[in-house]
Structure formats: C-alpha cells, structure tokens
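Me: I should like to learn how to read the features of a model such as this one. Please give the general idea each time, and then the case at hand.

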Amino acid sequence: MGNHELSEYALPERELSEPVVELTEEEKAVLVGEVPDRRVVTIGAVLLVICAAFVVRGVFGDGNGASTGDGPRPEDIARDRPPVAAVTYEITGRGSADISYLARNDGGRGGRPAVEADVRLPWRKTVFVPAGERPVVSVRLDEGGGEARCALAVGGKHRHRDVTAGAFGRATCSVRVG
C-alpha cells in the first residue's frame, strides 16, 4: 500500500473546519460508556460503609433498647406469649368476704388462682388474663352474712353478674376471654 492509496481516503486539510483535539483516557471512557476507576472505587466504598452500618446495628442494637445481642428480641417475646385481655373483677355489697379470682401467672402463660381472705366490701381489681382462658371471680360471705354482687368486665364491657346474700352465701362470675 503506497502513499497514493492513503491519500484517496484522507480528507484534504482545507475541508476540515475544526481543529483536531486529543482526548484523555477518562474522556474516551466516558464517550464509550465506561465508568472511570475512581468512581467505581468511590461507589464500592459507600456500599461497604452501608453494609458495615447494618452489621454494627445488628450486633449492638438500634439505640432504642432493641438488641439482637444476648436477650430475646421483642417480636420473639410477643410471638411466644398469648394475647391478654384486661379483666376487671368487682364485688359490691356490705359485710366481709373471701374472694378468689384468676390472675395471669408470672410467665404469661395460663392463669393462676389468687385468694384474698376477710376482705371488707366493696372490692375491685383489674388483672390481665391470657386469651382463651376463662377468668372467674368468686365471693363467699362469712358467717355474719350480708349481701354481695359480683361483676366481671372484659376490656371495660360488663360480661357477667351474680348476687348472693346470707351467711356463707356464694356468688361466682365467669366468662371466656378471646
């Protein structure tokens, strides 16, 4: 290929209207669509910092008391415990009585019986009872008699009432929760 063949394809100098500018390697990469090495390193560093933040949060908690360290997580506790309902027991009347009722146990599962002896009426107590349990309150008057009414409310709504009178009279209120 001689000098003559090259001149066939080359443009004459007078036809060029703009000067030829040499591009840097970075400018050539942008024109071709490549990302410069500096930008790749910067994006990688930002992603690494974000990942490290998630790891630190998982180890040390979120700053709001929630931690995945040694203790159980709040969502695990909520999942393991059955839902509860506020149950209000109320005994009205006159005289003295023994009162027994169902209360939530310390572990949050099932109820435990509780007894209060020789209580002067009126008496009222709110406890939390697991859903599915059957809260019950029972009143037994003493030998002096008197009169008593029991009432049981779940979530503020009265659900059951009973009445008794006389020596050793007994009244019981119960309903299923949940």
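Reply: Let us begin with accessibility: a residue is buried under 20% relative accessible area, exposed over 50%, and partly exposed in between (1.4 Å probe, protein chains only). R149, at 38% relative accessibility, therefore counts as partly exposed. This is a predicted model, in which local features need pLDDT of at least 70 and side-chain atom pairs count only at pLDDT 80 or more, whereas totals for chains, interfaces and linings use all residues. Residues are numbered from 1 along each chain as its sequence is written, and side-chain values use heavy atoms, with hydrogens and water left out.

Me: How many salt bridges does the structure hold, and with which residue does R149 form one?

Reply: A salt bridge is a side-chain nitrogen of Lys or Arg within 4 Å of a carboxyl oxygen of Asp or Glu. The structure holds 4 of them. In one, the side chains of R149 and E147 meet with an N to O distance of 3.0 Å. E147 is partly exposed, with a relative accessible area of 28%.

Me: Which parts of the chain does the salt bridge between D98 and R140 tie together?

Reply: Strands (E, at least two residues) and helices (H or I, at least four) are DSSP runs, numbered from the N terminus. The D98 and R140 side chains meet at 2.7 Å, N to O. D98 lies in strand β2 and R140 in strand β5, so this pair ties together parts that are 42 residues apart in sequence. D98 is partly exposed at 26% relative accessibility, and R140 is partly exposed at 27%.

Another salt bridge joins R124 to E90, with the closest N and O atoms 3.7 Å apart. Here R124 belongs to strand β4 and E90 to strand β1, so the parts tied together are 34 residues apart in sequence. R124 is exposed, at 56% relative accessible area, while E90 is partly exposed at 23%.

Me: Is S138 buried or exposed, and what does its side chain join in a polar contact?

Reply: A polar contact is a pair of N or O atoms within 3.5 Å; within protein, one must be able to donate a hydrogen and the other to accept it, and residues adjacent in sequence count only if both atoms are side-chain atoms. S138, found in strand β5 (residues 136–141), is buried, with a relative accessible area of 8%. Its side chain makes a polar contact of 3.3 Å with that of R170. Contact in general means heavy atoms within 4.5 Å. Leaving aside neighbours within four places in sequence, S138 has contacts that include D98, I99 and T172.

Me: Which residues of the largest nonpolar core touch the most other members?

Reply: A nonpolar core is a set of buried Ala, Val, Leu, Ile, Met, Phe, Trp, Tyr and Cys residues joined through side-chain atoms within 4.5 Å. The largest one has 26 residues, of which Y89, I91, I99, Y101, W123 and V137 touch the most other members. Strand β2 gives the most to this core, with 5 residues.

Me: Where is there a cis peptide bond, and which residue of strand β3 has a positive phi?

Reply: The cis bond joins L121 and P122, with omega about 5°. P122 lies in the loop between β3 (111–120) and β4 (123–130). D118, in strand β3, has a positive phi of about 50° although it is not a glycine.
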